[in-house]
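Got your viewer open? Here's a walk through one structure, with something to select at each stop.

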Amino acid sequence: MKELSRIATGVNPSSTMAIDTLFKQMKAEGQNVIGFAAGEPDFNTPESIKEAAIQAIHDNFTRYTPPSGTVELKQAICSRMKADCGLDYAPNQVVVSSGAKHIVYLSLRVLVNPGDEVILPAPAWVSYYELIRMVGGVPVVVSTSEEEGFKLSPEKLEAAITDKTKAIIFNNPSNPTGMVYSAEQLKPLMDVCVRHDLYVISDEIYYGLVYDGKPFTSVAAMGEEVKKRTILINGVSKSYAMTGWRIGYALAEPEIAKVMSSYVSHSTGSPCSISQKAALQGLTAPQEETDAMREAFQARRDYMVERINGMEGISCICPEGAFYIMVNVQKQLGRTICGEKIETDNDFATAFLKHGLVALVPGDGFSAPGYVRWSYAASMENIKEGLDRLEKFLAQ
């Protein structure tokens, strides 16, 4: 038979799959394992959102909608972005699809030609790198350090740009670091993007989870020249605990949104009609439940940061948003723990799962070797137990 697509076969599976497979195997065997790898809130979807979905079924709102989403949902998205971020968009600038991950893919698909370079600040979410490659683009990883607060500097951005650079993927707040860029930090970065005429794919899916009363500034709020080059990505999964409902959306210039809509019409088609009604309810209802969830996450974060930084041989910086902590385990490399030689963060995570019965995500998959990501989208009871197990594991 003829060969399969070289682009498709070149896509690598998630580097975290081995840990996840072992975790599920141990759980199936009845072992008392605790997982902190989740990229989704542990809260239930609010009742009013579930009721809206049930009502949609009773109303027989179960047929195809326009490919890029209903007009009423697009209007609600525009209103929410205006209320939360001070951004003015019209419904013809909105594209709704089956989750923010698919929206990232669509954004790359409409911007990138084969061979175009896309800058990717790291640590970065594991899927960005492969998504760039899936459209024939060339990922250009620009590493940032803990000493830099895991934030990209304009100097590093400038140095990474070539005549082949088309875009940058910007994730704020960040998965996996939880870092949040202030308006003062964004401005010089966006000045570089405008000067070099780069598109900005700004994934702001965690924008509702920023802590300590700090304001959130969208990339698109950094001036009209930035806004017209930006594809703003968001969704309902994190702020409303709706990961399984699969509703993400993009806001962009009308001509970009039109091309994205055309692409949707020939690929996935319209997003789930029932999920759209549920998302509409989440976006238009009072936001008290989102506020309560954010407060709970902040309390968990504070507890974890204090405990981790009180342990010998590991450390972390305090994340400003999202629900992840990057734990520095570099001092553990070279040790032997429970008979396991720890040479990499993958070794640490594997040994901790096997002997400490706790699942974390190795940092290597995020282009952050020497770190492990710990999600605090888990109950305080499990967090306390997990940290107790970590303390015991490190003392071996």
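What follows is a stop-by-stop tour of a predicted model.

**Stop 1: the four-stranded sheet**

Start by colouring β9, β10, β15 and β14. They make up an open sheet of four strands, in the order β9-β10-β15-β14, and the pairing is antiparallel. Which strands sit at the edges? Select 315-316 for β9 and 361-362 for β14: each of these edge strands pairs on one side only.

Now go to β15, residues 371-375, which is joined to β14 by two bridges and runs antiparallel to that strand. Show side chains here and you'll find valine 361 standing opposite arginine 373 of β15. On top of this part of the sheet, pick out helix α13, residues 345-356. Helix α13 packs on the sheet, touching β14 and β15, and its direction makes about 45 degrees with that of β15.

Next, bring in β10 by selecting 324-328. Five bridges join strand β10 to β15, and the two run antiparallel. For a residue pair to look at, take tyrosine 324, which stands opposite serine 375 in β15.

Stay on β15 for a moment and turn on its side chains. In a regular strand, side chains alternate between the two faces of the sheet. On β15, Tyr371, Arg373 and Ser375 point one way while Val372 and Trp374 point the other way. Is β15 covered or open to the outside? It is mostly covered, with five of its five residues buried.

**Stop 2: β8 and its partners**

Hide that sheet and select 248-251, which is strand β8. Both of its faces are covered: Gly248 and Ala250 lie on one side, Tyr249 and Leu251 on the other, and all of them are buried.

Add β2, residues 94-97. Four bridges join β2 to β8, and these strands run antiparallel. Look for valine 95 opposite alanine 250 in β8. Then add β7, residues 230-235, which is also joined to β8 by four bridges in an antiparallel arrangement. Here the pair to find is asparagine 234 and tyrosine 249, the latter in β8.

**Stop 3: around serine 261 and alanine 90**

Keep valine 95 on screen and select serine 261, which sits in helix α10, residues 254-265. What does serine 261 touch, leaving out residues up to four places away in sequence? Ser68 and Val95. Serine 261 has 18% relative accessibility, so it counts as buried, the cut-off being under 20%.

Now pick alanine 90, in the loop between α4 (71-85) and β2. With a relative accessibility of 28%, alanine 90 counts as partly exposed. Draw a distance from its C-alpha to that of proline 254: you should read 8.7 Å, although the two residues are 164 apart in sequence.

**Stop 4: glutamine 287**

Move on to glutamine 287, in the loop between α11 (273-284) and α12 (288-309). Is glutamine 287 buried or exposed? It counts as buried, because its relative accessibility is 18%, and the limit is under 20%. Setting aside neighbours within four places in sequence, glutamine 287 is in contact with Arg80, Tyr240 and Gly282.

**Stop 5: the second largest pocket**

Select Asp84, Tyr207, Gly208, Asp291 and Arg294. Out of the 14 residues lining the second largest pocket, these lie nearest its centre. The space in this pocket comes to about 260 Å³. α4 and α12 each supply at least two of the lining residues, and the largest share, three residues, comes from α12. Colour the lining by class and you get five nonpolar, four polar and five charged residues.

**Stop 6: the cavity**

One last selection: Pro121, Pro123, Asn171, Ser174 and Tyr181. They lie nearest the centre of the largest cavity, which is lined by 17 residues. Two elements give two or more residues to this lining, β3 (117-122) and β5 (165-171). How many cavities of 30 Å³ or more does the structure hold? Just one, and the volume of the largest cavity is about 140 Å³. Colour its lining by class too: twelve residues are nonpolar, five are polar and none is charged.

Key:
Residues numbered from 1 in each chain as written. Predicted model: local features only at pLDDT ≥ 70, side-chain atom pairs only at ≥ 80, totals over all residues. Heavy atoms only, no water. Buried < 20%, exposed > 50% of the residue type's maximum accessible area, 1.4 Å probe, protein only. 1 Å grid on protein atoms, 1.4 Å probe; cavity = no way out; pocket = protein on both sides within 12 Å on 5 of 7 lines; lining within 4 Å. Points joined across faces, edges and corners; volume = space filled by probe spheres on them. Nonpolar A, V, L, I, M, F, W, Y, C, P; charged D, E, K, R; others polar. Pairing = 2+ DSSP bridges. Contact = heavy atoms within 4.5 Å. Axes fitted to C-alpha atoms, helices over the stretch in contact; angles between N-to-C directions.
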